[in-house]
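User: Hi! Could you teach me how to read charged pairs in a structure, using the one we are about to open?

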Amino acid sequence: MSRSAHPAGPRHADVLPEGHYSAPPADLNALDPKVWAQTVERGEDGVVTVGGIGVTQLAEEYGTPAYVLDEADFRARARAWRTAFGADADVFYAGKAFLSRAVVRWLHEEGLNLDVCSGGELATALSAGMPADRIAFHGNNKSPEEIERAVRAGVGRIVLDSFQEIVRVAHIAQSLGKRQRVQIRITVGVEAHTHEFIATAHEDQKFGIPLAGGHAAEAVRRALQLDGLELIGIHSHIGSQIFDMSGFEVAAHRVVGLLKDIRDEHGIELPEIDLGGGLGIAYTSDDDPREPHEIAKALTEIVTRECESAKLRTPRISVEPGRAIVGPTAFTLYEVGTVKPLDGLRTYVSVDGGMSDNIRTALYDAEYTVALVSRASDAEPMLVRVVGKHCESGDIVVKDAFLPGDLAPGDLIAVPATGAYCRSMASNYNHVLRPPVVAVRGGEARVVVRRETEEDLLRLDVG
Ligand code: LLP
């Protein structure tokens, strides 16, 4: 890696331009444990290590960009959720956040279940040995082929998302001589405080069946009539990257209300409710996420209380955290390519990846932080925008952050909290190759998803 200095420029504009940043942090070499994976630390030589391995070594062995995943942290977070909810509840990790066979094995070993939402995710889960009865199958438009595969495999539950799907799953199950365990996903009419694209409990959207207007009650009536279905519960997922627990509380209240109506109308008490995922994580030091045990306590208490007052047996609760487990456990390691100071504005730092490995900034206006990780520096902070190598000015990885003013091409920088919805939403835009996922644990690193190659790209291009 070259370490050539770049021409002197405005390291830190006198008047900072508009942006989402606060003042530069007191110590640019410090790594806030809130946003970095648990085993990340800066060694005495200034190089950041994870799982006991230096990022310079990782870059040499595996190249950049790379997603670096702290396996011990992943397992610890998975275990914390499992322990917090205890034996009377189930934790389904939401595979859409990030799924690979290694992750499936870790989840299995740590006693978690898995939520999948496509044939591809189902195939990954089954091929890594997740028992089918611990898999939940989601999606607002599952194909008949996907449904058939899921039913044949014996998935623990299919979450029904529409009236048409109720009939579709029932017919497929019946034709296979099976009775499929199902939940019905409802929208409870809660406005979750998060980005519009990731809020899912208000009624004007594609997921679920509205509670309002009696639609959910009608869906239950129909499901109960069909021989191919065993209705085991009601599902609600209100959105993602949520910090405020009140939305979950209202959702729990309304779901229990429906259980009560079902008991009153049909004389049955459904044994399960699923309150979905959606718990927020810290992307920057300003975020204050809840711990799994606080979430478990809050949700369990409200469900128990509501059930007591409705004289219902407390159903088995399940939750589906994705981001809260995998998000904080990985960072993306990039090499700095160019450093371009713009007078009075900011310095553009271009890295060897971009919106193809992290679309979240462009898509949701997401905020991230960044640090120089291949060395420590005492240089003055400079306001930077970390951008990728794609042919779009919206190709931004970190909108506003501070890096040391002596940052130079060849330096390694890392963006923390990229474990969720980065590799899983990665693309080949501009035929840029998707980075590998390198898992690190106890001084050892191994590739769990390899880097894409030009051969991979060309293999698909059969014209
Ligand atoms: N359960 C269901 C039914 C879901 O739809 C989701 C996420 C989850 C669980 C997991 O939610 P989590 O705990 O990870 O927040 N691409 C967006 C997030 C989309 C979430 C989609 N559904 C992002 O990058 O923020």
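User: Which residue forms a salt bridge with Lys-260?

Analyst: Side chains of opposite charge can pair when their charged atoms come close. In this predicted model, Lys-260 pairs with Asp-264, with 3.7 Å between the closest N and O atoms; a salt bridge here is a side-chain nitrogen of Lys or Arg within 4 Å of a carboxyl oxygen of Asp or Glu. Both residues sit in helix H8, four residues apart, about one turn of the helix. (Helices are DSSP runs of H or I, at least four residues, and strands are runs of E, at least two, numbered from the N terminus.)

User: Is Lys-260 buried or exposed?

Analyst: Lys-260 is partly exposed, with a relative accessible area of 31%, and Asp-264 is partly exposed at 48%. Buried means under 20% relative accessible area, exposed over 50%, and partly exposed in between (1.4 Å probe, protein chains only).

User: What can I trust in these values?

Analyst: As the model is predicted, local features need pLDDT of at least 70 and side-chain atom pairs 80 or more, while totals for chains, interfaces and linings use all residues. Residues are numbered from 1 along each chain as its sequence is written, and side-chain values use heavy atoms, leaving out hydrogens and water.

User: Which parts of the chain does the pair of Arg-441 and Glu-71 link?

Analyst: Their side chains meet in a salt bridge (3.2 Å, N to O), linking distant parts of the chain: Arg-441 is in strand S20 and Glu-71 in helix H2, 370 residues apart. Glu-71 is buried at 5%, whereas Arg-441 is partly exposed at 42%. Both belong to a network of salt bridges with Arg-75, Arg-79, Glu-109 and Glu-110.
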